[in-house]
Amino acid sequence: MNKKAIIFDMDGTLWDSVDNIVDSWNLALRQMGETDVTITRERIIGLMGKTMDQFAKALLPHYGPERGMEVMHILEEVENEYLRQHGAVLLGDVAKTFRGLRDLGFGIGIVSNCQSGYIEAFLEYYHLEALVDDIECYGNTLRGKADNLKLLIGRNDLEQYWYLGDTQGDYDACREAEVPFVWAAYGFGEVSAASGSGDVPRDDGCRTSEYRSPAASGSGDVPAEIPRVDALEDIVLWAQSL
């Protein structure tokens, strides 16, 4: 990977797989004889960005932690296969966006709180493997997004890096990992810079008590808004301004 990279979230940033998750999970639950649980789009949207053990606690509390995770792993396997066959709804021209960033000298990474095989299903269905340099997820490491960001950045010896995500959880993970954050405003969530405390990373890869956009990198004490893009393809234009 190049020494600078844009690292992407998955759900709400690159694609919307919620309806296919709902369909595949409900199908699997009925095949297992489960009639008391029905998964809905609204319930999944509310959990997006959380780790899979948190999904199990929220959706399958009556099973208890151990059995809940066993059932969740079954649902994940069914989901991965479903997505390999059907894909989902892309939130823009992903291939064009990746190529545009690579033309600017950026490597491409993906870090998500998803299960193992989920990112691979996305890459395989849309034939994007050659455009993505590295991936990491909760299912591989059983660690949260902040730790997985640090892992990917460290093993690729990145010197400059930014994370594009759409939820408060994404932003908070970036604060914890000291990774500059760009908000995908077209995605599922809202983000408030007031969440949490302490220093935040600015978008040039350094650490500062204020979060400045490239256009606001001069002097002054007024913190700028979190950098945002209103469409996936806009991250290329944003990267050009760095």
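These exercises work through cavities, cores, a helix, backbone angles and cysteines in one structure.

The model is predicted: local features need pLDDT of at least 70, side-chain atom pairs count only at pLDDT 80 or more, and totals for chains, interfaces and linings use all residues. Residues are numbered from 1 along each chain as its sequence is written, and side-chain values use heavy atoms, without hydrogens or water.

**Exercise 1. Describe the largest cavity and its lining.**

Step 1. Fix the terms. On a 1 Å grid over the protein atoms alone, a cavity is a set of points where a 1.4 Å probe fits but cannot get out; lining residues have an atom within 4 Å of a point. Points are joined across faces, edges and corners, and a volume is the space filled by probe spheres set on them.

Step 2. Count and size. The structure holds one cavity of 30 Å³ or more. The largest cavity has about 180 Å³ of space.

Step 3. Find the lining. It has 19 residues, and the closest to the centre are Asp11, Met48, Gly49, Phe55 and Cys114. Helix 1 (18-31) and helix 3 (52-59) are the elements that give two or more residues. Helices here are DSSP runs of H or I, at least four residues; strands are runs of E, at least two; both are numbered from the N terminus.

Step 4. Sort by class. Eight lining residues are nonpolar, five polar and six charged. Nonpolar covers Ala, Val, Leu, Ile, Met, Phe, Trp, Tyr, Cys and Pro; charged covers Asp, Glu, Lys and Arg; the others, Gly among them, are polar.

**Exercise 2. Locate the nonpolar cores.**

Step 1. Define. A nonpolar core is a set of buried Ala, Val, Leu, Ile, Met, Phe, Trp, Tyr and Cys residues joined through side-chain atoms within 4.5 Å. Buried means under 20% relative accessible area, exposed over 50%, partly exposed in between (1.4 Å probe, protein chains only).

Step 2. Take the largest core. Of its 56 residues, Phe8, Trp25, Ile44, Ile110 and Ile235 touch the most other members. Helix 1 gives the most to this core, six residues.

Step 3. Look for another. A second, separate core has 19 residues, including Ala146, Leu149, Tyr163 and Ile226.

**Exercise 3. Work out how helix 5 packs.**

Step 1. List the buried residues. In helix 5 (residues 94-103) they are Val94, Ala95, Thr97, Phe98, Gly100 and Leu101.

Step 2. Find the partners by contact (heavy atoms within 4.5 Å). These residues pack against strand 1 (4-8), strand 3 (89-90), strand 4 (107-112), helix 6 (118-125) and helix 10 (234-240).

Step 3. Check what follows. Glycine 105 comes after helix 5, with a positive phi near 95°.

**Exercise 4. Find non-glycine residues with positive phi.**

Step 1. Recall the background. Most residues other than glycine have a negative phi.

Step 2. Take leucine 142. Its phi is positive, about 55°. Leucine 142 sits in the loop between helix 7 (138-141) and helix 8 (145-155). It is exposed, at 62% relative accessible area.

Step 3. Take aspartate 157. Its phi is positive too, about 50°. Aspartate 157 lies in the loop between helix 8 and strand 6 (160-165).

**Exercise 5. Test the cysteines for disulfides.**

Step 1. Apply the cut-off. A disulfide is a pair of cysteine sulfur atoms within 2.5 Å. The count is zero.

Step 2. Check cysteine 137. Its nearest cysteine sulfur, that of cysteine 114, is 4.4 Å away.

Step 3. Check burial. Cysteine 137 is buried at 3% relative accessibility. Cysteine 174 is buried at 1%.

Note on methods
1 Å grid on protein atoms, 1.4 Å probe; cavity = no way out; pocket = protein on both sides within 12 Å on 5 of 7 lines; lining within 4 Å.
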